[in-house]
Each structure stands twice: as C-alpha cells, then as structure tokens.
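This report covers one strand with its partners, and then two pockets. Please look at the sequence and the model before reading on.

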Amino acid sequence: MTAVHFQVAALSAVVALCTAMSSPVLAQKKYDSGASDTEIKIGNIMPYSGPASAYAAIGKTEEAYFNKINAEGGINGRKIKFISYDDGYSPPKTVEQARKLVESDEVLLIFGSLGTSTNGAIRKYMNEKKVPQLFVASGASKWNDPKQYPWTMGWQPSYASEARIYAKYIMKEKPDARIAVLYQNDDFGKDYLRGLRDGLGAKASMIVLADSYETSEPAIDEHVVKLKAAGADVFISITTPKFAAQAIKKAAEINWHPMHIISNVSASVGGVIEPAGYEISQGVLSAAYTKDGSDPQWNADDGMKKFYNFLAQYDPMANKLDAAVVFGYAAAQTMVKVLQMCGDDLTHENVMKQAASLKDFEPDTLLPGIRINTAPDNFAPIEQLQMMRFKGKKWELFGDIISSELSH
C-alpha cells in the first residue's frame, strides 16, 4: 500500500507542477517600456496642422478604433493608451515629437505616423533606439528595407509599385501618349516618378514634362498651365489632397481634358473630389486597395457593416466619404492584430517579430482579394491594387486586382 500511496503522491506532485507551469498567473510575462499588466502605450505623429492636415482624419480614426478596443476589454486585458502629437508635416518637428514619445512618454512603439520626409527624419533614431516604427503612413519604397532598418515597416502599397501599374495601363490604352507629370518635390513625389519611369521602361520618353512643386506653395495653378502647354494628353498628378483638388479644378478652368490620373493618396471622394467638384472630376483615374466608404456597392458587405457600425458608435463626426477614415480603420485593425499575436510578450523585439509574421490578414475595409502578408525579409504588407474611374458620385473599379513586386 505504501508503494501505491507513494506513486499516487508522486503523480499528484507532477500534475500540480505541470498545472503551476501552465498557469497564466505564473506564465512569464515580458515587457519593455510602454507595456504593463494593464496598459500598452502607442505613440503617433500626425499633421493635425499644416499643408497635409487633410490626413489628420487618419489619426482621429485610429484613436476612435483604439477606444472601441478598450471599451471591449482591451488587448489580452490591457488598455491602449494612444498618444498622438502634431508635427505640422515638418520633419524637424517630427524629430522633436518622436524623441518626446520615446524618451518622455516611453511608448512601446510609434505607429502609423504620416509622411515620407517626416518619417525619414526619424527612421535612423528609431532604429538606433530599437523602438518599432510600425505601419508608416507613407508609400515610400524605402520602408521595406528589413536588413538596414529592421525596426521600420510600411503598410500601404509602395508609390513606385502603384506608378508601375499606371505605366502598364497607359501603354495598353494610349501607346502614343504624351505624358505630363506634376509631382511633389520630395521623396513621395520622386518615388512615384521613379516607379513611372521604371514601368514605362524603353518608353520613358513618353514623359514630355515632369514638373515639381513645393508643399509650401499656396497653389499649383501655374504648374498645370505649363503642363498643358507641353502638349500632353495624359496628366499624372502626384500630389497630396489639397493640390490634387486644385489640379482638377485648374485643368477644367483652362479647358484641358487629358487622361487624368491621380495618386491613390488623393483618391478621396470627401477630401478631393467633392471640394474639386463632381462634374469636373468625371473620368479621373486612380487605383485602390481599400473599399470606398461612399460607394453603395459595399452596403451589404460584412466588413463595411462593421466599419459603419464603428463610425456610428465611436466616431460619429467622421466623414465616411473620406478615404483617410477607411485607411485609419484598417491600419489600426492591423496594429491590434499584431498586439494580439504578441500575447504576454510585449517587448520591442516581439512586436517586430509578430509584425513580420502576418499571413493573409484581411482588415474589414480592404478590397476583396487583397490581403496583408509580411515576412522577416518582406516589410511590404500590401502589394496589390485595382484600377478605378470616377463616375457620377463614386469610383468604379475595373479590371483585375494587380499584384506588383515591390522594389527592395
């Protein structure tokens, strides 16, 4: 009997030990600054003022989405503290705000900060500090450089990749095109122009004039007049929302009716088309990877139903016609997914590891068939787009979803 008792006691001890080891109370939790048992601090930098303030809606939507997550109990029981600062779209100010977030607020990561030159100004600092600079709100190809900058990752399709799709479309539809390009004189504009030239390849001479503008200019009217004078019949506007609306207006005013392509970042009905005017925006082309909040074709779509319910409950002042709102929602949803995947290991290193392990993730507001995939050697989450044309009061998608290999 004694031997049996001993065996039972030994077995009980093993069971107790195994239970203790698997108990969540004793499971090892790992935290870097910005994370605790109760909270996850996320930093963000947005142009709430200045020339790119049309994008402020992204930050406001992200904040509302995190409020929704908190109201539903948070992420693995932890509430998100979202700290978002204004940089006025000025790189020196971005540097100042990033330092404040990392050194004073001690955030776990900086998420979704907007702008190419602004994020470029903090990339070296973030990588030296080994603090994730995640899902940068800019399509510059350079965010996909895991070897040199392992702490920085983009989110949206790259500008170069989008421009290559436009090049393919133009060569097919207008093989003898004379192309005029208006581009912002910074990394954002130059990346697009490079992608366009790459896409045209041997036919790059189809570009008869590429004219740049500064974001400090109040209006780009003179540039549009100059581009028309070059005899172009294709006009590619690589501009942010304010200037995209101005370009549509000016082209109509001077009676210039080329094939007009605007960059995805300015394809917002609420932010660009409405201010420019529906009548003069007919036939404008762009490419998309998100659903259009103004398009009734998505009213029965499950993902968009969730999006509309979210707006009604957590962000009632948001303009559902604004593409920035749709973008902010999907980006925040991706961030939440990564944090959920982190479990109780909320270290800088694990955040990046999980961000580089996304497989076929489909945020509610992305177009059907477009999925988010990342890997340790691929920091380009979205690599697909679909062409669209503005008709009536909405964008109409046409053709297939086009994948584009991003330049590394």
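Strand S7, helix H6 (residues 187–200) and strand S8 form a β-α-β unit that is right-handed. The model described here is predicted.

The two strands of this unit also pair with each other: S7 and S8 (residues 207–213) run parallel and are joined by six bridges. Within this pairing, valine 181 has alanine 210 of S8 as its bridge partner. S7 has a further parallel neighbour, strand S9 (residues 234–238), to which five bridges join it. There, leucine 182 is partnered with serine 237 of S9.

Is S7 mostly covered or mostly open? S7, which spans residues 179–184, is mostly covered, with six of its six residues buried. In a regular strand, side chains alternate between the two faces of the sheet. In S7, Ile179, Val181 and Tyr183 point one way, while Ala180, Leu182 and Gln184 point the other way. The residues of both sets are buried.

The pockets come next. The table lists the volume and lining of each.

| Pocket | Volume | Lining residues | Nonpolar | Polar | Charged |
|---|---|---|---|---|---|
| Largest | about 560 Å³ | 42 residues | 25 residues | 12 residues | five residues |
| Second largest | about 210 Å³ | 14 residues | eight residues | five residues | one residue |

Which residues lie nearest the centre of the largest pocket? They are Asn264, Val265, Ala267, Ala323 and Ala324. Several elements each supply at least two residues of the lining of this pocket: helix H8 (241–253), helix H9 (269–276), helix H11 (323–342) and strand S14 (394–397). By residue class, the lining of the largest pocket holds 25 nonpolar, 12 polar and five charged residues.

The second largest pocket encloses about 210 Å³ of space. Of its 14 lining residues, Trp256, His257, Pro258, Ile280 and Gln282 are the closest to the centre. Two or more lining residues come from H8 and from strand S10 (259–262). H8 gives the most to this lining, with three residues. The lining of the second largest pocket divides into eight nonpolar, five polar and one charged.

Helix H8 therefore appears in both descriptions: H8 is among the elements that supply at least two residues to the lining of the largest pocket, and H8 also gives three residues to the lining of the second largest pocket.

Terms used:
Residues are numbered from 1 along each chain as its sequence is written. This is a predicted model: local features need pLDDT of at least 70, side-chain atom pairs count only at pLDDT 80 or more; totals for chains, interfaces and linings use all residues. Side-chain values use heavy atoms; hydrogens and water are left out. On a 1 Å grid over the protein atoms alone, a cavity is a set of points where a 1.4 Å probe fits but cannot get out, and a pocket is an open set with protein on both sides within 12 Å along at least five of seven lines; lining residues have an atom within 4 Å of a point. Grid points are joined across faces, edges and corners, and a volume is the space filled by probe spheres set on the points. Helices (H or I, at least four residues) and strands (E, at least two) are DSSP runs, numbered from the N terminus. Ala, Val, Leu, Ile, Met, Phe, Trp, Tyr, Cys and Pro count as nonpolar, Asp, Glu, Lys and Arg as charged, and the others, Gly among them, as polar. Buried means under 20% relative accessible area, exposed over 50%, partly exposed in between (1.4 Å probe, protein chains only). Two strands pair if DSSP finds at least two bridges between them. A crossover is right-handed if, with the strands pointing away from the viewer, the path from the first strand over the helix to the second runs clockwise.
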